[in-house]
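Morning, everyone. I'd like to walk you through one model today. Please have it up on your screens.

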Amino acid sequence: MRSTLLALPFIGSALAARPFVNEPATGIEELFDSLPAGNLVPLNQIVALHDFDYAARKFLIPANYTYYRNGAGGEWSYRNNLEVFQRYRLRPRVMLDVTGVEATLPTTILGYNFSAPFFICPASRAANGNPTEVERGLVEGAAAGGILYNQAGYSDLSVEEVGEIAAKNNQTFFRQIYLTGNDTTDKTAFNRAKAAGAKAIIWTVDSAADGVRHRAARYSMGSANGGFSLQTWGEYKKYKTWTDLPIVLKGIQTVEDAQEAVANGADAIWLSNHGGRQVDGSPSSLEVALEIHQEAPEVFKQIEVYADGGVRYGSDVLKLLALGVRAVGLGRPFMYANVYGTEGVKHLIKLLKNEIINDAGNAGIADLHNISPRAINWNVNHWYS
Ligand SMILES: Cc1cc2nc3c(=O)[nH]c(=O)nc-3n(C[C@H](O)[C@H](O)[C@H](O)COP(=O)(O)O)c2cc1C
């Protein structure tokens with residue numbers, strides 16, 4: 001009897017174990033689970049960002065879907081990126097006039113105007129999702145939706161091709177690069193980006209070594225970039241002498257490096273663990289933003305701070321903005337949406353804008369540029385920890 005009673009709390013916590021859910025249910029599976037693989041769920045049935053993941057998994061061959069979906073190691077960081085947002089609840093205020101919140105959606109990033117505080121992250125191999133349009137759907141969808149497009153270094157269109165599309169649409173785009181350590185090659189990459197019309201360089205600094213990616217290895221779908229690369233503040237200073245474009249550092253994961261970035265005159269920083277694809281155990285950008293908020297909040301005033309990883313709902317965006325993040329990136333959702341080409345990308349943008357303004361309204365947030373950190377309860381909700 002005694003041992004049974006002692007075991008009770010443990011039985012309780014075992015029963016409380018919460019399985020990971022890649023896509024919280026939206027009802028899509030009830031309608032389309034019987035749709036044979038290789039078929040596309042009609043776009044008008046996509047009602048949430050997670051639905052694009054479901055639709056892409058059904059439509060793409062496993063190798064191509066896996067390249068997008070995979071994370072490093074045991075994918076704990078990939079899962080944490082998605083789950084972390086539920087660890088912090090909103091503190092909705094009521095009896096406030098939120099009727100003007102939609103007008104506060106537009107923002108600037110490095111001085112350029114955009115229709116919303118979110119953007120498309122650089123992600124290589126768009127052709128895996130859309131062999132015909134490749135990256136065009138992402139570029140043109142971003143133009144139509146008025147948001148920023150960041151072209152990946154390992155992309156399927158050349159920077160000049162993206163520049164041409166962007167010029168036609170009067171569109172601002174940035175160019176991400178990995179640097180090789182060969183000055184001639186790297187200078188050429190900067191010069192080509194500038195000549196093609198990119199307005200900023202995104203230097204990804206979270207990839208000093210290869211990401212260990214088991215799920216992708218199964219399909220021989222490794223990282224597009226490989227090997228060790230030299231990434232130091234000395235290199236950053238050198239690159240700054242090569243171009244007059246702003247150089248944004250993508251992949252900042254600690255308050256110390258955010259402070260170093262300010263001290264080294266970085267143009268902007270981007271909190272990211274590469275979608276959990278580089279090193280398992282790396283923190284989500286929400287955790288990093290919270291660390292900066294608690295230990296060096298001045299950083300958010302000294303420099304523009306962007307963030308990405310696991311953002312799937314309007315309320316996720318609000319939580320990052322509340323800490324002082326200026327704009328938020330999405331990678332996989334756009335790659336999955338690109339399976340539908342431009343129309344899919346436009347649809348995603350519309351869904352997320354709608355979620356942001358409605359979630360803000362219901363949370364008592366009247367102005368997306370002035371969200372109090374008190375709009376969120378930063379005490380951890382342990383059910384999700
Ligand atoms: C398929 C795929 C390819 C990616 N390729 C790159 C890349 O070439 N350069 C880069 O800086 N980040 C790359 N990333 C990381 C994204 O820019 C971004 O940090 C990440 O996807 C955000 O997380 P999310 O997918 O949960 O939104 C890639 C991500 C994915 C999913």
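Which element gives the largest share of the lining of the largest pocket? It is α14, with three residues. Keep in mind that this is a predicted model.

Let's stay with that pocket. Its volume is about 450 Å³. The lining has 22 residues, and the closest to the pocket's centre are Phe300, Leu321, Gly324, Val325 and His369. Three elements each supply at least two residues of this lining: α13 at 299–302, β10 at 304–308 and α14 at 314–323. By type, the lining has 13 nonpolar residues, six polar and three charged.

Now the cavity. How many cavities of 30 Å³ or more does the structure hold? One. About 420 Å³ of space lies in it. The cavity is lined by 32 residues; closest to its centre are Pro122, Ala123, His274, Arg277 and Gly331. At least two lining residues come from each of α4, β11 (327–330) and α15. The largest share is from α15, with three residues. The mix is 13 nonpolar, 13 polar and six charged.

What takes up the space of the largest cavity? The ligand does. Look at the shell around the ligand. Two elements give two or more residues to it: α4, residues 62–69, and α15, residues 332–337.

The ligand has 23 residues around it. Pro122, Thr204, Asp308, Gly310 and Gly331 come nearest. Sort the shell by type and you get nine nonpolar, nine polar and five charged. Two names come up twice here. Pro122 and Gly331 are among the residues nearest the ligand, and they are also among those closest to the cavity's centre.

Next, polar contacts. I have three for you. Lys250 puts a polar side-chain atom 3.0 Å from an oxygen atom of the ligand. In His274, an N or O atom of the side chain is 3.3 Å from a ligand nitrogen atom. His274 is also on the list of residues closest to the cavity's centre. With Arg332, look at the backbone: a polar atom there is 2.9 Å from an oxygen atom of the ligand.

So how much of the ligand does the protein bury? On its own, the ligand exposes 600 Å². The protein buries 99% of that.

To recap: the ligand takes the space of the largest cavity, and α14 gives the largest share of the lining of the largest pocket. Over to you for questions.

Notes: Residues numbered from 1 in each chain as written. Predicted model: local features only at pLDDT ≥ 70, side-chain atom pairs only at ≥ 80, totals over all residues. Heavy atoms only, no water. Near = heavy atom within 4 Å. Polar contact = N/O pair within 3.5 Å; in protein donor to acceptor, adjacent residues only side chain to side chain. Areas by Shrake-Rupley, 256 points an atom, 1.4 Å probe, with all protein chains shown as cover. 1 Å grid on protein atoms, 1.4 Å probe; cavity = no way out; pocket = protein on both sides within 12 Å on 5 of 7 lines; lining within 4 Å. Sits in = over half its atoms within 2 Å of the grid points. Helix = DSSP H or I, 4+ residues; strand = E, 2+ residues; numbered from the N terminus. Nonpolar A, V, L, I, M, F, W, Y, C, P; charged D, E, K, R; others polar. Points joined across faces, edges and corners; volume = space filled by probe spheres on them.
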